Structures are given as structure tokens and as C-alpha cells.
Amino acid sequence: MRVLSLNVLVGGEERFDEIRAIVAAERPDLIVLQECVGWEDGERLRELAEAVGIPAAEEHLVVGAANPRPSGRRYNVCVASRTPLRRHAVHAPPTVAHCVVEAELEPAGGGDPLLLLGTHLVAADEEARLAEVDELLRLLPPRLLAVRDCLLVGDLNGLSRHDPYPDDLAGRLAAAGIDKYGNPPRFAVIDRLEEAGWVDALRARPRSSRWATAPRGGGGVLVDTRSDYIMLSPPLASRLDWADVVETGTASDHHAVVARLDWRGRS
């Protein structure tokens, strides 16, 4: 199974053909998209699904309606799965800026479903994101991660201390006017998820040296950062083949993350 995560940047309407081409080239079996502004009618999600041969039917697609932002926009999270979804729910409590899509994917041959959380954590600051992590760990607590096949996919807006950041990261972020990680920058969100048992696919089995998904700049300074993750429970991580970053050019301000797993869903 191939899994792909991409932040499409505020709906991506004028860049939709580029986004569709990038997704189609990867032929993913499971797609999790963030910032799907204006996708409430499901049409663009159906178009993307059809581009990769995923059935454009209710049991394969979820448009996760996000909480409205102060601007009135909803930064929806969308899921498309080649494997039928046994069950899904969209969680948008007040402690979560956008939403969390929870879904169960049916495995081939029966047995326990694969458990998925697709989300987009808030950009504001690390404390706000840690409150959202509480919701993620409520939905999939460590006791489940230890024994079940689980996926956490999306734009987590957090830094991993395992990525190759320079020693002067704090100064570079400050010079670029980026303060959402704190000063000095904090790694608490990804630390907490890993302490709970989540395994970062890109660090566990990288297919290439690519790692940055969100190059950011300001004041003449460019800083490579990673916001986007595919995370696995330990049982599923043992069946990870590889993970990689797919460059998106002008299609988005994020690059995509893709991973291949030895997991087969019901057709």
C-alpha cells in the first residue's frame, strides 16, 4: 500500500491540475490532504480519486469538515482510500483548530482494521499543537499503538529533532521571521508523539536524502523545515518498505510525503 500526504495550500483551486498530476504520478492507495478549502461538495476529491483509480464512492472518500478559522475559511482534511472504509468519523472539538479524520480500513482476509488518523495541526504555536496532540492520543492511545496497525498522516506543523537542522537553526528562524516553533525552537510535538509509540516513517526507512517538506523564507533567509509526516504504530512500522519526499514545484508551498507499506486492504 502506498500512502501520500499533501497540504494543497488554501484549496489549490488555481493549481488543481498540477496537484492532480503529482498525486496521479505516485498512484497512492491512501491519500490524506490538508487545507482543502472549498472542497465541501466533494467534487475535487472525487476528481483526484478518479485520477488514481480510487472509486469515487462514499465508502472510499471522506471530506472532513474543519472548524472555521477567524477568516471564515474551513481548512478541511480529506481522505481517499482504495480500500473500503469500514467506519469513519470527523472530530472537530474546540481544542482542535481544524479537524481530525478517524477511519478504519478493511484488511484483505479479514481481521482487525487498520486505524487511520488524518489531521492538520494548528500553525499558531507549540502549546496549541500539544493540546491537539492530547486529542490524537485520546483517539489512539499508546496501548492501542502497541498492538494494532495504525497510521497518523498529515501536516503536524512540528519539528523533528531527528531531521538534519543546522546548529544555528534558532538564529535562522528568527532572521526569517518564523516564530511558531518558539525561540529557541521546540520539538515537543513530535517528541510527545514518539514517546507515545508513533514511528516517523521518513526517519525509519528513508528512500532518499530528501527530508524538507516546507521550505520557508523571509528577510532574505531560506530555512528548510519539515511539517508533514506519515507516522506508524510499531506493528505497522515493521512492514514499512520506504518513505520519501515528493517535490511539488509550484503546485503547493509544501512537498508531499509518500510511504510504501506491506499491507493489503480488501478490494
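This is a short conversation about reading the predicted model shown above.

Visitor: What should I know before I start?

Guide: This is a predicted model, in which local features need pLDDT of at least 70 and side-chain atom pairs count only at pLDDT 80 or more, while totals for chains, interfaces and linings use all residues. Residues are numbered from 1 along each chain as its sequence is written, and side-chain values use heavy atoms, leaving out hydrogens and water.

Visitor: Which strands stand at the edges of the sheet with β1 in it?

Guide: Let's begin with the terms. Helices (H or I, at least four residues) and strands (E, at least two) are DSSP runs, numbered from the N terminus. Two strands pair if DSSP finds at least two bridges between them. Here, 6 strands make an open sheet with mixed pairing, in the order β3-β4-β2-β1-β14-β13. The edges are β3 (61-64) and β13 (240-246); each has a single partner strand, so one side of each is left without a neighbour in the sheet. Inside the sheet, β2 (residues 30-34) and β4 (residues 77-81) are antiparallel, paired over 4 bridges. One bridge to look for joins Ile-31 to Ala-80 in β4.

Visitor: Which strands does helix α2 touch?

Guide: Contact means heavy atoms within 4.5 Å. Helix α2 (residues 43-51) packs on the sheet and touches β2, β3 and β4. For directions, axes are lines fitted to C-alpha atoms, for helices over the stretch in contact, and angles run from 0 to 180 degrees between N-to-C directions. By that reckoning, α2 makes about 145 degrees with β3. Helix α1 (residues 16-26) lies across β1 (2-7), β2, β13 and β14 (256-261), at about 160 degrees to β1.

Visitor: What is the strand order of the other open sheet, the one with β5 in it?

Guide: That sheet of 6 strands runs β5-β6-β7-β8-β12-β9, with mixed pairing. Within it, β8 (residues 150-155) and β12 (residues 228-232) pair in the antiparallel sense over 5 bridges. Asp-155 has Asp-228 in β12 as its bridge partner.

Visitor: How many disulfides are there?

Guide: A disulfide is a pair of cysteine sulfur atoms within 2.5 Å. The count here is 0. Cys-36 is in no disulfide, and its nearest cysteine sulfur, in Cys-78, is 3.7 Å away. That distance is too far for a bond.

Visitor: Is Cys-36 buried or exposed?

Guide: Buried means under 20% relative accessible area, exposed over 50%, and partly exposed in between (1.4 Å probe, protein chains only). Cys-36 is buried, at 0%, and Cys-78 is buried too, at 0%.

Visitor: Which residues have the most contacts inside the largest nonpolar core?

Guide: In soluble globular proteins, nonpolar side chains tend to be buried together. A nonpolar core is a set of buried Ala, Val, Leu, Ile, Met, Phe, Trp, Tyr and Cys residues joined through side-chain atoms within 4.5 Å. The largest one has 42 residues, and those with the most contacts inside it are Met-1, Leu-105, Leu-116, Leu-151, Ile-230, Leu-232 and Leu-261. Setting aside residues up to four places away in sequence, Met-1 touches several residues, including Leu-30, Leu-114 and Trp-263.

Visitor: Where is Arg-226 found?

Guide: Look in the loop between β11 (221-223) and β12. Arg-226 is buried, with a relative accessible area of 0%. A polar contact is a pair of N or O atoms within 3.5 Å; within protein, one must be able to donate a hydrogen and the other to accept it, and residues adjacent in sequence count only if both atoms are side-chain atoms. The side chain of Arg-226 makes a polar contact of 2.9 Å with that of Asp-163 and another of 2.5 Å with that of Asp-200.
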